[in-house]
Amino acid sequence: MKRKVLNLSLLGSVVPVLAAALITGPAVIAQTPATAQSQAQVDARVDALMKQMTVEEKAGQISQVFALPGMEGALGKQIAGGQLGSVLFLSKAADTNRFQRMAVEQSRLKIPLLFGFDVIHGLHTIFPVPIGMAASWDPVIVEQAQAAAAREARAVGIHWTFAPMVDIARDPRWGRMVEGAGEDPYLGSAMAAAQVRGFQNGALGQPDRVLAGPKHFVGYGAALGGRDYDEVDVSDAQLWNVYLPPFKAAIDAGAENVMAAYMQVNGIPAPGSRWLLNDVLRDKLGFKGFVVNDADGVRNLIAEGFATGPDDAAVRAINAGVGMEMALASPAFRTLPKAIAAGKVDPVRLDEAARRILSVKMRLGLFDKPYVDEAKAERVFADPKTRVLARRAAERAAVLLRNEGGLLPLDAKKLRSMAVVGPLADSATDALGPWVFKENNPPSSSILAGLRNRLKGVRISYTQGVPRAVRAVASPFAGLAKAPTDLTDSKVGIPEAVAAANAADVTIMVLGENQDMIGESASRASLALPGEQQALLDAVVATGKPVVIVLLNGRPLDLGGTKAQAILDAWYPGSEAGAAVANLLLGDVAPGGKLPFTWPANVGHVPLIYSHLNSHQPNNATKRYWDQPGPVAWPYGYGLSYTSFAYSNLKVDRETVAPGQPIEVSVDLRNTGARAADEVAQLYIHQRSGTASRPVRELKGFQRVTLKPGETRRLSFQLRPEDLRYWNSATHDWVADEAVFDVAVGGDSRVPFRTTFNVAADR
């Protein structure tokens with residue numbers, strides 16, 4: 001068995017820039033770096049400015065604070081005094097212009113501010129949450145959605161988004177799972193690259209685009225117990241094979257900012273780890289941009305038992321590689337001049353950090369055009385094409401989990417009556433999901449409103465059934481969610497819901513988690529439906545009438561073994577929730593999304609992933625818990641359609657390849673049903689043996705394709721040498737083993753292996 005040591009730059013093995021070759025749709029937008037002349041001009045302007053700056057002004061350029069209510073007077077003085085280089089959480093053109101004037105007209109050197117905001121899945125027009133967009137398995141529409149979000153953001157003067165979140169999440173108790181792409185680094189890398197292309201479009205300075213800021217570097221999704229902010233302990237192999245690839249994909253797509261995570265990684269807080277921020281991020285991943293810490297992450301070094309005080313925290317952070325401090329109010333980086341004078345920080349470090357920020361501002365065009373047209377924002381917000389894109393994204397994100405007896409799609413011509421039931425059915429704000437802000441006046445539509453608008457001639461009754469559940473601890477990110485209905489008896493509405501179901505041809509139950517029950521600071525110990533939703537569901541299903549569940553969620557939920565005939569996971573669909581869900585239920589659009597995570601049957605089974613290693617008893621994998629049946633409710637990559645598909649004639653273009661050679665995999669995909677629809681063909685491989693145990697299967701390619709009834713298409717996938725390599729924790733390098741590889745292509749991660757190939761050197 002031979003082992004080959006690879007250059008660390010080949011971490012791109014799972015970076016779908018590779019996905020661009022494996023998905024259908026327009027070609028990937030190429031990065032367009034600045035010309036040598038324009039970069040030389042930028043460098044010259046930065047050099048000239050740096051020569052004029054005091055140490056205090058340089059420290060100010062790498063300091064960022066929140067523009068919170070009541071702080072404008074204090075911030076104005078700091079901006080005029082050259083003590084701030086960036087402000088976040090302003091999202092009105094009038095506000096960004098007003099603050100910008102403070103910098104450009106009142107400060108000594110007239111350096112403009114850099115405005116940041118959490119544009120996670122839309123600013124004004126809201127798209128499906130990122131986990132839902134990942135369920136589309138469609139990097140093209142993901143790129144288009146984030147480009148539309150960037151256009152809205154730039155129109156109000158926002159230059160920088162703290163997105164995409166590219167953390168791999170394997171424990172659904174973690175609330176921030178909703179912001180990422182799920183459990184797999186290959187799909188996660190494809191989504192990371194697509195979002196960066198959408199936000200930034202290559203080099204800085206592109207019209208209507210913003211600086212992308214992938215986060216949280218690194219391993220945040222592996223927090224102990226799925227508890228937000230808790231420590232992370234990951235092996236060398238897990239770090240390189242699972243958690244770093246999406247960051248590499250984002251960097252290769254052009255991201256010029258990376259956000260350091262809050263928590264400790266293997267005992268060392270991320271903002272204070274020079275190994276992470278320099279040795280790994282810069283030396284190994286090739287990152288050239290600037291690092292920002294998450295909110296108050298520098299001062300948090302004190303609470304984490306790493307730094308002795310603000311001065312020490314600032315020294316540790318800048319020496320580790322943090323290039324801008326995001327602070328709630330008082331940046332610790334303001335103490336850097338004192339630290340430099342005391343010899344604790346090399347002034348070169350401060351110069352490098354300040355230079356990066358000034359370069360970003362110049363390449364964004366802020367020195368030449370610091371203000372925005374305040375009338376433009378409303379025109380951009382009113383663009384009907386953005387709403388059409390939001391609806392299409394919501395339709396492509398939906399995953400059909402169950403459809404017994406072909407209940408869906410509903411036949412509008414035969415439908416006479418419908419009951420719509422559930423505490424989230426008439427909540428347009430909950431359908432938007434987390435990280436949505438009322439200040440941006442997001443348009444919204446409830447599922448009930450969408451059905452009523454679509455079914456004008458159908459008698460639709462509505463009952464909440466049970467009230468919206470209330471979080472035990474209020475969320476600091478509650479967003480737009482309306483106050484819960486005050487019912488003395490939380491089950492008092494169930495009989496009314498049962499009566500409505502009995503009187504209707506079909507019941508649509510809209511269930512799931514409120515907007516404030518998912519996201520940051522929203523981890524849960526349980527995956528059960530909140531409040532009394534399970535009791536409501538059981539009672540309505542017990543009527544024996546047809547029941548369709550529509551889920552609003554950002555993680556897998558325990559549905560109590562329900563016998564409801566149909567389940568549609570709509571995620572949090574966004575501004576066009578009502579229209580999109582109605583179109584899906586009534587068959588105007590066929591669902592084609594696939595799960596980006598393994599859906600556990602019980603919270604006690606988590607973490608649960610498809611790409612696990614075999615134990616010494618692989619045939620007993622479903623019997624790990626004697627008190628529970630098989631742990632998987634729905635497998636990774638799963639999703640039904642309104643038609644059926646068949647795979648056949650799977651082939652590899654050669655049986656044996658030498659190490660370092662590519663191999664082509666091809667398969668016939670046929671629509672065997674009666675209507676046009678999308679299928680996501682997924683390529684999995686398994687290395688049978690090696691210098692380390694390898695996962696039972698790994699995703700290495702996918703294509704979302706549309707087929708007409710009876711149409712057959714030959715699909716081809718290219719397995720590159722990088723796809724067959726992995727980081728070996730024993731040797732601390734990349735290896736490519738000579739081995740036998742199994743190959744499968746199908747509609748989810750359960751597809752059986754049908755062919756093989758060998759990697760073997762010539763003898």
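**Exercise 1.** In this predicted model, in which sense do strand 1 (residues 63-66) and strand 10 pair, and over how many bridges?

*Solution.* Start with strand 1 and look across to strand 10: the two run in the parallel sense, and three bridges join them. Next, pick one residue to see a bridge for yourself. Glutamine 64 has methionine 326, in strand 10, as its bridge partner.

**Exercise 2.** Work out in what order the six strands of the open sheet lie, and which strands are at its edges.

*Solution.* First, a reminder: strands of a sheet pair through backbone hydrogen bonds, and the pairing can be parallel or antiparallel. Here the pairing is parallel, and the order reads 5-4-3-2-1-10. Now check the two ends of that order. Strand 5 (211-212) and strand 10 (325-327) each pair on one side only, so by that test they are the edge strands.

**Exercise 3.** Find how many cavities of 30 Å³ or more the whole structure holds, and describe the largest.

*Solution.* Step one: the search finds nine such cavities. Step two: the largest has a volume of about 110 Å³. Step three: 15 residues line this largest cavity, and the closest to its centre are Gln61, Ile79, Gly82, Ser107 and Ile111. Step four: sort the lining by class, which gives eight nonpolar, four polar and three charged residues.

**Exercise 4.** Now do likewise for the second largest cavity: what is its volume, and which residues line it?

*Solution.* The second largest cavity holds about 80 Å³ of space. Its lining includes Val657, Pro659, Gln661, Arg725 and Asp737. Sorted by class, the lining has seven nonpolar, two polar and two charged residues.

How values were computed. Residues are numbered from 1 along each chain as its sequence is written. This is a predicted model: local features need pLDDT of at least 70, side-chain atom pairs count only at pLDDT 80 or more; totals for chains, interfaces and linings use all residues. Side-chain values use heavy atoms; hydrogens and water are left out. Helices (H or I, at least four residues) and strands (E, at least two) are DSSP runs, numbered from the N terminus. On a 1 Å grid over the protein atoms alone, a cavity is a set of points where a 1.4 Å probe fits but cannot get out, and a pocket is an open set with protein on both sides within 12 Å along at least five of seven lines; lining residues have an atom within 4 Å of a point. Grid points are joined across faces, edges and corners, and a volume is the space filled by probe spheres set on the points. Ala, Val, Leu, Ile, Met, Phe, Trp, Tyr, Cys and Pro count as nonpolar, Asp, Glu, Lys and Arg as charged, and the others, Gly among them, as polar.
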